[in-house]
Amino acid sequence: MKSCPSCKRTYTDSSLNFCLEDGTPLVNEAAPAFDPHATIRYIDPRDTNQPALEPPQQPPASRDQPAFAPPPQWSPLPAAGVPRKKSSAIWWILGGVLVIGFSGIGLVVMILAIASMSSNSNEAKNTNVGNSNSKVSNRNTNTNTDTNTNRESLNTNLPSSLTDDFSESTWSAGNYTFGDIWYADGEYHMRSKAKTYLVMYAPTGDYDTGNASVKVTARSVDGTSPDSGYGLIVHGEKSKTGDLEDYALLIYTGAEPQYEIVKHKGGDQKAVVPWTRSTIIRNGTSPNQLEVRAKGSELSFYINGQYVDQIADSENFKHGLAGLYTSDTAEVAFDDLEINR
């Protein structure tokens, strides 16, 4: 039996939860002992002619006042004593970490494989050069592929001097991916492809530049200077991964002659001394003598017999091969290489 705590009406219908008179929630009552002589009270009949109550209407929203938002959805709390189900988000996080980890391992393996393939390639790999030149910002490199030097194994019993007038074809020559190299009229000619530079190291360890003075004469064949310069390399060597490692004195023999000192390492060319104007440099087809004097970790640079600059060998290269450098498509010629120790 249920009763209304407000109007005291009682109901025997167990399915009712609210008072039919005033809507108050019903409460359970203990059933009284059965009295066959008790008077049974019947509830008043419900008046079905009364209109049903309607919920109050919200006033329409004005332009200055937003409409009421609907209430949030309600969900039951878990029953007492029943543990909450643990979130599976942690498993998604762990799965994501594992996927990223395996992807990283795969990427490292792929990079190592590419590096290994590059070190065995017959052509030096391409590289981007940043902030190395005010004229060309992105270039490719190439070097003689049949010279694989090792600074630790260079000949220590070197002659006090060496000269090479390029009358004999001892340096590598041919058509390479990044340019052409050939002998002509007792000179060593080089021409790079557009927006690239071409490097050639000397053929043997007798051209070691450690603690030596290295000179070479260089000229533009038709008077057009390579935009990114051309010049002399010292302490040249290819790393185990096939990258160039050296220092170079470059000149630009255009309308405003300039020189630059660069360093190659790890596949990059970096300007140690940026392009600097110099009246010492001859332009047009006139030859220029370039010289680098190496003494320990100190490198001094001369053009046409006059001192222009000095740097420290910060990479501790100390020695390596002499080499020649050109860029872009203008043809240049080298002659009279000298090494004095």
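Two strands count as paired if DSSP finds at least two bridges between them. That rule applies to strand β4, residues 161-164, and strand β18, residues 332-340. Four bridges join β4 to β18, and the two run antiparallel. Within this pairing, S161 stands opposite N340 in β18. The model is a predicted one.

Stay with β4 for a moment. Its side chains alternate along the strand. L162 and D164 point to one face and are buried. S161 and T163 point to the other face and are not buried.

Now step back to the whole chain. The chain has one helix and 18 strands. It holds 341 residues, of which 39% count as buried. The accessible surface comes to about 21000 Å². Carbon and sulfur atoms account for 53% of that surface. Take the contacts between residues at least 6 apart in sequence: 63% of them join residues at least 24 apart.

Next comes a sheet. Strands of a sheet pair through backbone hydrogen bonds, either parallel or antiparallel. Here, six strands form an open sheet with antiparallel pairing. Their order is β8-β17-β10-β11-β12-β13. The edge strands are β8, residues 197-201, and β13, residues 268-277. Each of these two pairs on one side only. On average, neighbouring strands of the sheet are turned by 20° against each other, with direction ignored.

Look inside that sheet at β11 and β12. Strand β11 covers residues 244-252, and strand β12 covers residues 258-265. Seven bridges link them in the antiparallel sense. To find one facing pair, go to L250, which stands opposite E260 in β12.

Two acidic residues deserve a visit. E291 lies in strand β14, residues 288-295. Is E291 buried or exposed? E291 is buried, because its relative accessible area is 4%. What surrounds E291? Leaving aside residues up to four places away in sequence, E291 touches S213, V214, K215, L232, L249, S300, F301 and Y302. V214 is 77 residues away from E291 along the chain, yet their C-alpha atoms are separated by 5.5 Å. With S213, the link is polar: the side chains of E291 and S213 make a polar contact of 2.8 Å.

The second acidic residue is D180, in strand β6, residues 179-184. D180 counts as buried because its relative accessible area is 17%, and the cut-off is under 20%. The side chain of D180 makes a polar contact of 2.9 Å with the side chain of N175. N175 is also one of the residues that D180 touches, not counting those up to four places away in sequence. The others in that list are G174, H189, M190, R191 and L198.

Finally, turn to the cysteines. How many disulfides does the count give? The count comes to zero. Why is there no bond between C4 and C7? The sulfur of C4 is 3.5 Å from its closest cysteine sulfur, in C7, so the pair is too far apart for a bond. A disulfide needs the two sulfur atoms within 2.5 Å. Seen from C7, the closest cysteine sulfur is the one in C4. The surroundings of the two cysteines can be set side by side. C4 is buried, with a relative accessible area of 1%. C7 is partly exposed, with a relative accessible area of 28%.

Technical notes
Residues numbered from 1 in each chain as written. Predicted model: local features only at pLDDT ≥ 70, side-chain atom pairs only at ≥ 80, totals over all residues. Heavy atoms only, no water. Axes fitted to C-alpha atoms, helices over the stretch in contact; angles between N-to-C directions. Buried < 20%, exposed > 50% of the residue type's maximum accessible area, 1.4 Å probe, protein only. Contact = heavy atoms within 4.5 Å. Areas by Shrake-Rupley, 256 points an atom, 1.4 Å probe, with all protein chains shown as cover. Polar contact = N/O pair within 3.5 Å; in protein donor to acceptor, adjacent residues only side chain to side chain.
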